[in-house]
Amino acid sequence: MTLVYIEQSDSGIDDLSLQALTFARSVAGPTATLTEAVTAEVLGDAALESLRRQGVSTLHVLRTADIDGYAPAALARGVAELAQQRAAAVVMAPSSDHGNEVMAHTAAILDQPLATDVLSLTLGAPATVARARWGGSLIEHAEVMGEPLLVTLAAHSVEVAEVSPAELAVLDFEVTLRPLDAVVVASKVQGEGSSSINLADAKVVVSGGRGVGSTEGFAVLEELADLLGGAVGCSRVVTSAGWRPHTDQVGQTGTKVAPDLYIACGISGATQHLAGCRTSKTMLVINNDPEASIMAHADYAIIGDLHTVLPAVVAEVRKAQSP
Amino acid sequence: MSALPSTAKAVIIGAGIVGNSMAYHLARLGWTNLVQIDKGPLPNPGGSTGHASNFIFPVDHSKEMAALTFDSVAQYKDLGVFTECGGIEVARTQERMQELQRRMTSAKSWGVGDVSIVSPAEVKELVPYIDESVIVGGFYTKGVGVVDSLRAGTLMREKAQEMGALTVGANVEVTGMTVEDGRIKTVHTNSGDIDTEYVVIACGVWSPHLAEMAGAKIPLTPAVHQMMDIGPTPRFADAKGDIEFPIVRDMDTNMYERQHGTGLEIGSYAHRPILYDPDDLPSVEEASLSPTEFPFTPDDFELQLEQSLELMPEIVGDETVGQKYAINGLLSLTPDGMPILGEAPEVQGLWSVAAVWIKEGPGIGRAVAEWMALGQSEIDLHASDIARFYDHQKTREHIKQRTAEGFNKTYGIVHPGEQWASNRGVRVSPYYSRQQELGAQFYEAVGWERPQWYSSNESLLTEYGDRVMPRPAEWESRWWSPIINAEHLAMRDRAGIVDLTAFAVFDVVGPGALDALQQIALRQMDVNVGKVVYTPVLGANGGFKSDLTIMRLGDEQFRVVTGGAHGMADKKWFADRMPADGSAVLTDLTSALTTIGIWGPRARDIVSTLTSADVSHDGFGFGTCRRVEMGPLEVLASRISYVGELGWELYVPMEQGARLWDLLWEAATPHGAVPVGIGVYGTTGRLEKGYRAYGAELESEFTVVEAGMSPPKVKSADFIGKEAYLRHRDEDPAAILCTLTVEDHQGPGGQLRYMMGGEPIVAKDGSSLIDSHGRRSYVTSAGSGPSVGKHLLMSYLPSEQAVVGGELMVEYLGHTYPVTVATVGAQPLFDPKNERILS
Amino acid sequence: MDILVCVKRVPMSGGRFVLTEDGRDIETKRLGFTISPHEECAVEEAVRLVEANGGTVTVLALGVSESAEQIREQMAIGADRGIVLETDGAEWDPQATADAIASAVQRDETFFDLVMFGNESADSSGYQVGIRVAHQLGLPVVAGLKSVSVTDGVVRAERPAGTGKEVFEVPLPAVVTVREGLNLPRYPSVPGRIRAKKKPIVVHEVSRPPARLNKVRLELPADQGKRVEILGHGVEAAPEVVGMFRKIGVIS
């Protein structure tokens, strides 16, 4: 049985969790293993329906006594106990902040190896994985000698697919906590409801690198992002220079994005930046240098100076959008 | 980016400062169908130009480098990319202060103005953030500046494109080259093949790699020099431009510090030599910065941190000033420190413009373009000529050892006579062990170990006493010995035996040999068999390419003998001018023959005991050669003399050299002959006789007339440079080469000082002597003249100053010494009627 | 307060990786080395905390002896002492790494109030060493932090979550893992570098236990086979771009 740790989003199960559930089915081998899910949250109908369409047979809801809020160690305690009770062969989570964290705790509790950012998993003796290094710029093939196998799935490496809905049992699971498990609990603070789109979820990202030249240079990128309903991103060079805050940084140590459209302006394409945007559906590059590294990952390109090209694009978009 | 053509007149590989400059100057000289490619992107392909510190100090001890730098600065200024900021070379030691005086001397000789020796307080005024208590003085050059070499290169390249002469391809990598019949034919790239007449390799550190594709060698190595940027610093907070304060070269620590916008750049040539193989270089994609910016190795900069902190504590010691950027930057080093320019001897049409620094880039671009397009450059490039290298000097080992040794001398105090310590003992005479037994002090010339003097001659010092003109000051007695002068005197009294193995010797043989040599030599070559002709070799402009000796050994056989130092360049000059139909063929005999010279009043006495041939004056006239038997050896004897004495050069096959040496000594010892080194042969002997040396007195800048070497008649046969030469004969020369004697050697503190060459000759009021062509008078050669009892200087003087008895001054290490014009033109000072030679 | 920051020596990535002949490692002979960006922020934060509260910063690295180079860099910005757990160069999996670090912490004469890690290393990115070490030491751990402050023995830590943030308050001693963006690390000054040379680094040799997550080989991801379509040069390309936007549905 594959046990998948999942989380909710506003509209149901969050995208990365759905990817994990899709992946879980592919791991199931000839022994027709089941998928069970575990969560700490109370799920709504839409979420439960999603789980059915993902072929989940059982949903375990962790009960962690008086803990009010996200508590990774407590959740992991639950996942670990559950995995042992249910004899899970594989325990997995998406490679999200929470996913990696909960799995790391689980691995520590079970004293088993954990392979994160996995791209593929093959059961066997030993099991093998392909996993992402350097944010995906390099692939590692490794053997995993663990039981159960613990993995997190690299984000956006799998397309979500549904199956005909199955019967879903929902069970509560009371977690036996140790004192240390309850020490780290998050209190959630809501965002100020800002109008700007969240970079990680944006469908369009207009991103700038060294070529933009200054803080002021980003004004035209902001303009274009606004028009397209997207967010502004930037490379690490830009944040190091202080032109944009780190929250705008796209890259291995910044935010990883998977928008429908990623527009890279004046970005050469260092591996750590590509780690953050390689999963974009479509990439448009605006650059003076037709041989910049980033071109190998681009679908479309404009060869030219972004300082003249972008205003022209903005003007054309305005024209196209005017009634 | 236009598509690349499939044919071109010239393909220029490299878009750094040099490649761009070449493209522009070739276009300017009328060449079209030029193609320029670089494997990197434009405008910054990732070579050394892209990260170099871009500052230019115009003063150099080398005349050639100073001229190229001067021209480059003028070009940078024309392009509007030169920012003058001034530069100061500071001294931490007194020894360095003397060296700074030498800089003043060179500045004056080459005409760099606005230079001065400054005190620590004056340095502090110019560079307020320096701790002046750490220094003892400085050498300030106002004209030092920084350039935007990337922009300069881009502008030059674009000009060539505007002229319609140039197609440019970025991200084009050369994958191979095809050579046919010894000539370049095709350049193969990842964007197609180009058939071309010429290939110019301007690839910086990649040049050897490219040359190898065509089967040629460019002997340079990529090497590191470290650079660090710290900032921003309050001192430069209001910086409006890149640099507003003078650049400081901390000579004794081999470092420099300069403002760089709001920060300070610290560079070092002080670390251990870190050399790379051209194959070690990463590609453009792999490199995190660029292929010539290697990761910084902090251990190698440890001492430099402390030293820069000592010198500029205000900035470097500021805790709030952070280190933002530090690299091991790559540049090109060559075994002798000079660039590598010209057509590769191995492949016709393949031109090298490699190992060039920013400060001479445009000047070299112009000079080499002139060389290619016009056959001759305005600035004489003999010290940078690629043809100068002998085979052993192109080996990895030689390059590695010499560049490593040379690297830490970048800001060093290098004595003009200083010898290399590494990679010695590569070429030795067949009688080397005999010389060792005689206590030879070996100096190296193009790999040959030649005795400079022999310590077994020490006893001569007592014999000659003060006539050996001892030198009390440490500086000019370094790499010198009074024994040299003692040998000179003994040779002129009795006889001396000289090792001349380092001669470059080649035969020109065939029915077309005479015609070929007539074209090359100024003098008449259609002489009797057995005649020895000493002749200048001119370039098209009538200036000197060489001067050498040619023996007619047969109707169709001539033997050319030239000094080892320029031997390979001379060989290429001749080889390039052999007839295409093969009716004359050049054969290099340098390693096949060895030569020993014997000269002095007793020379005939000695030689006559060794051979039954008639060696009397009538039987064996001066300026002739013939084969004679000496013992079991057949010797080619040539009666000429570069030391101005009766005697012969004796040539035998290399393997018989030791025997000849022993034979000579057996005969010579009873006559009191002494072994004589190059200290005599290269300097003292010839100075007394007014004999010129190529590379010192003879350069392309000076005419035969100015050098005082014009024979009365001009041969009717045509030769290279004849037209110009005839013109020069008709005109009044702007300058004339003279020999001067130093009248009073008393320097500061009463110590006697002796000049070594390169010093300016000035009027009694101290003003520079400049001829009508703008050339300044400077000492081309200096040395002892023991037989005349004077220290001798050779210098071109403006015609109006070239008067026997004229009183002038020589400026040496900050003081002037009175000199007198002793002879004008080639008139010898010693034995003016040449009685000795003709005895 | 006494803080321990754990770092890892990793190659500086540039444009493209080159693998060794046997495909097991990255070819590093032309590369420089550094520590992961998250770790740089961890060290900077530790130095700031100690500047404010007094105490010491110790930097620990498990890796080859040259890791001392990276520790010296951190000393140049203010770290006080260093520990190298010297390996023979073979890769260590996260469990083995965490075991060795936990043992080193327990053995050390200093009692650390705070143990800091980067959230994940730049190269192998396991996301787990810090958490495992915390379990071994019996300490609470908060991960992925973008803000850390300490008042009266309590760490207040924050990290983004969706459009808002998660806030934690945890008593010392504790373990935290942090992310780039936590602060803007300072550049070392020359006096800082000079002082760093004299600070102590202690070296303990460690031997690698059998791996339970065992790297077999590396592989460069396949070229996505993308052939970039050039929509045009300069401003003339603008209408083409808008056409493409329409095609992919970004504008109607």
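Which residue of E37(B) does B:Gly783 stand opposite? Keep that one in mind; this tour of a predicted model starts there.

**Stop 1: a sheet in chain B**

Select B:Gly783 and look across to E37(B): the residue opposite is B:Leu792. Now widen the selection to strand E37, residues 790-798 of chain B, together with E36(B); six bridges join the two, and they run antiparallel.

Next, bring up the whole sheet. You should have six strands of chain B in the order E35-E38-E39-E34-E37-E36, paired antiparallel in an open sheet. Check the two ends: strand E35 (761-762) and strand E36 (779-785) of chain B are at the edges, and each has a single partner strand, so one side of each has no neighbour in the sheet. If you need a reminder of what holds such things together, strands of a sheet pair through backbone hydrogen bonds, either parallel or antiparallel.

**Stop 2: an arginine in a loop**

Stay in chain B and select B:Arg639, which sits in the loop between strand E31 (633-638) and strand E32 (647-653). Is B:Arg639 buried or exposed? Its relative accessibility is 0%, so B:Arg639 counts as buried.

Show the side chain and see what it meets. The side chain of B:His617 is in polar contact with that of B:Arg639, at 2.9 Å. Then turn on the backbone of B:Phe620: its oxygen lies 2.8 Å from a polar atom of the B:Arg639 side chain. For a sense of scale, add B:Asp78, 561 residues away along the chain; its C-alpha atom is 55 Å from the C-alpha of B:Arg639.

**Stop 3: where chain C meets chain A**

Hide chain B and color C and A separately. Here 85 residues of chain C are in contact with 77 residues of chain A. About 6,900 Å² is buried between these chains, with carbon and sulfur atoms giving 58% of that area.

How many salt bridges are there between chain C and chain A? The count is five. For one to zoom in on, try C:Arg159 and A:Glu101, whose side chains form a salt bridge at 2.8 Å, N to O. Across this interface there are also 36 residue pairs in polar contact. On the chain C side, select helix H6 (residues 238-248), which gives the most to the side touching chain A, with nine residues. That side of chain C divides into 41 nonpolar, 21 polar and 23 charged residues.

**Last stop: strands from two chains**

Finish with strand E17 (residues 300-303) of chain A and strand E14 (residues 229-233) of chain C: they run parallel, joined by four bridges. Pick A:Tyr300, and you'll find its bridge partner in E14(C) is C:Glu229.

How values were computed:
Residues numbered from 1 in each chain as written. Chains lettered and ligands numbered in written order. Predicted model: local features only at pLDDT ≥ 70, side-chain atom pairs only at ≥ 80, totals over all residues. Heavy atoms only, no water. Contact = heavy atoms within 4.5 Å. Buried area = accessible area lost by both parts, 1.4 Å probe. Salt bridge = Lys/Arg side-chain N within 4 Å of Asp/Glu carboxyl O. Polar contact = N/O pair within 3.5 Å; in protein donor to acceptor, adjacent residues only side chain to side chain. Nonpolar A, V, L, I, M, F, W, Y, C, P; charged D, E, K, R; others polar. Pairing = 2+ DSSP bridges. Buried < 20%, exposed > 50% of the residue type's maximum accessible area, 1.4 Å probe, protein only.
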